[in-house]
Amino acid sequence: MSNQIPPAGESASRLRFYGDEFVFDVVSGMFFRLNPVASYMLRALDSGASPSELPHLLVERYRLDNATATRDAQLFINNLAAMEPLDRLFDTKAGRS
Amino acid sequence: MTSVAITGLHRGNNPQPGAAVAAGLRRSFPDVRIIGLSYDPLESGLYCHDLGRPDAAYLIPFPGAGAQATLDRLDEILAREAIDYIIPCLDSELDNYIELQPELHKRGIGCLMPTKQALDDRAKANLYDFCSSLGVPTPRTLAANDPDTLAALALQIGYPVYVKGRFYEAHLATTPKELYAAFDEIIRVWGGPVLVQEMVVGEEYDIVGLGDGQGGLIASCSIRKMLRTSAGKGFAGVVIADPELDELVARFIGALRWAGPFELEFIKVPGRPHALFEMNPRFPAWVDFPSQVGCNLPARLLEQLQNLPPRPLTSCKPGQMFIRHSIDVVTDIADVAQMTITGERASVTADGQPTSR
């Protein structure tokens, strides 16, 4: 799965990544400073991963234990959903202009 | 030479659109002559030297003096100065200019105005009902001409509420005491009715556009306000591309069959659709931002007024942004004196030459 995550700046969706620490959402106009782990999870979701896959991706990439990875992924998803419903955020067709 | 009269020349902390419209016109029509119609000798745009400057300026009566007073003053100006087109840039002027359209036409002055019905439908006091009929979300808004009725309506909505004038000004009221104070201040300046509006907190989105009068949209640009002043004015904005917002704009402008410039102001609470809380019947003060990135709406309006073949407009690209930058305009008290005493002045370049003609 991690191999399918596009590097920074190559996403075709509504999200534009600038390096690993800044993302701009062309639909909402919101921009965020990210840490590298959050950036990794966001790019994973942006390239088609489901929220339930995030813990496994974190375990693979950062060698976290399963409980920590699950907690971190859930906190991240909660933060995202508070800003925008996930189905709207990751409907790539809606994001293309 | 084409001569265009514009209003709304003050660019203070609550900037008006006139100078931005003038700048946009000059970007596409370098020889255009800009006639500033001003309400106050201290309007800052009268004294600027950039693209937003008027080539000549005249004091005119406030809109509250009525359409005939406006026309009488225009006739005096026309004795001195040709005016081919007028672009009103302030909300409170539209009623007068819509009424004056036949008279302006007789004098050879062109303008593109919405119908009176469209102007009334989008008025703050009517916006809630009009949006409801279209299924366009909007904050609940009620109107009253006396403070006791307004306080009763605020209780229906629930505090805190915004207390708003029919053209300008909004105050947040968290208690009836604050509501009464806001009512007094607004009714004194703007008259009635005074509005009370549900407070909705979220990100603000603005759309500037041009309606064709047939239900279509000639062009538009959507931004998120990135910085807001204490009065809620956008001091920075970034272009967005949101199909859901575009659909709401098309539905609303289509139903109004709006002709001419407009600004739509939406607010978005996370997890809820965009809610339209205001429509301004003119270009916004930030209209020169899209003009600078290829979507020159004032120039497009002038092309339409002149029946010229329209030059293609570039879509504003998401991520393009502006940050407003205040500057000090230098002038001399003699310039203010001239405007105050005679009610008119011509702009000159740094070496004392007239700026056009």
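In this predicted model, T342(B) belongs to helix α11 of chain B, which comprises residues 333–342. Its surroundings are sparse enough for the residue to count as exposed, because 10 C-beta neighbours lie inside 10 Å and the limit for this class is 12 or fewer. A154(B) is separated from T342(B) by 188 residues in sequence, and the C-alpha atoms of the two stand 47 Å apart in space.

Attention now turns to a sheet in chain B. Strands pair through backbone hydrogen bonds, in either a parallel or an antiparallel sense. Here four strands of chain B make up an open sheet with the order β5-β8-β6-β7, and their pairing is antiparallel. The edges are formed by β5 (141–144) and β7 (170–173) of chain B, each of which pairs on one side only. On average, neighbouring strands of this sheet are turned by 25° against each other, with direction ignored.

Within the sheet, β5(B) is joined to β8(B), residues 194–198, by four bridges in the antiparallel sense. In β8(B), V194(B) is the residue that stands opposite A144(B). Helix α5 of chain B, residues 124–134, packs on the sheet and touches β5, β6 (161–164) and β8 of that chain. The direction of α5(B) makes about 140° with that of β5(B).

The backbone also deserves a closer look. Most peptide bonds are trans, and most residues other than glycine have a negative phi. Two cis peptide bonds may be considered against this background. One joins Y159(B) and P160(B), with omega at about 0°; P160(B) is placed in the loop between α6 (147–157) and β6 of chain B. The other runs from G192(B) to P193(B), where omega is near -5°. P193(B) is located in the loop that lies between α7 (176–190) and β8 of chain B.

Positive phi values are found at R63(A) and at R257(B). For R63(A), phi is near 60°, and the residue sits in the loop between α2 (54–62) and α3 (66–83) of chain A. R63(A) counts as exposed because 8 C-beta neighbours lie inside 10 Å. For R257(B), phi is near 50°; this residue occupies the loop between α8 (243–256) and β12 (259–268) of chain B. With 17 C-beta neighbours inside 10 Å, R257(B) is therefore classed as partly exposed.

Terms used: Residues are numbered from 1 along each chain as its sequence is written. Chains are lettered from A and ligands numbered from 1 in the order in which they are written. This is a predicted model: local features need pLDDT of at least 70, side-chain atom pairs count only at pLDDT 80 or more; totals for chains, interfaces and linings use all residues. Two strands pair if DSSP finds at least two bridges between them. Helices (H or I, at least four residues) and strands (E, at least two) are DSSP runs, numbered from the N terminus. Axes are lines fitted to C-alpha atoms, for helices over the stretch in contact, and angles run from 0 to 180 degrees between N-to-C directions. Two residues are in contact if their C-beta atoms, placed from the backbone, lie within 7 Å. A residue is buried if 20 or more other C-beta atoms lie within 10 Å of its own, exposed if 12 or fewer, and partly exposed in between; C-beta atoms are placed from the backbone.
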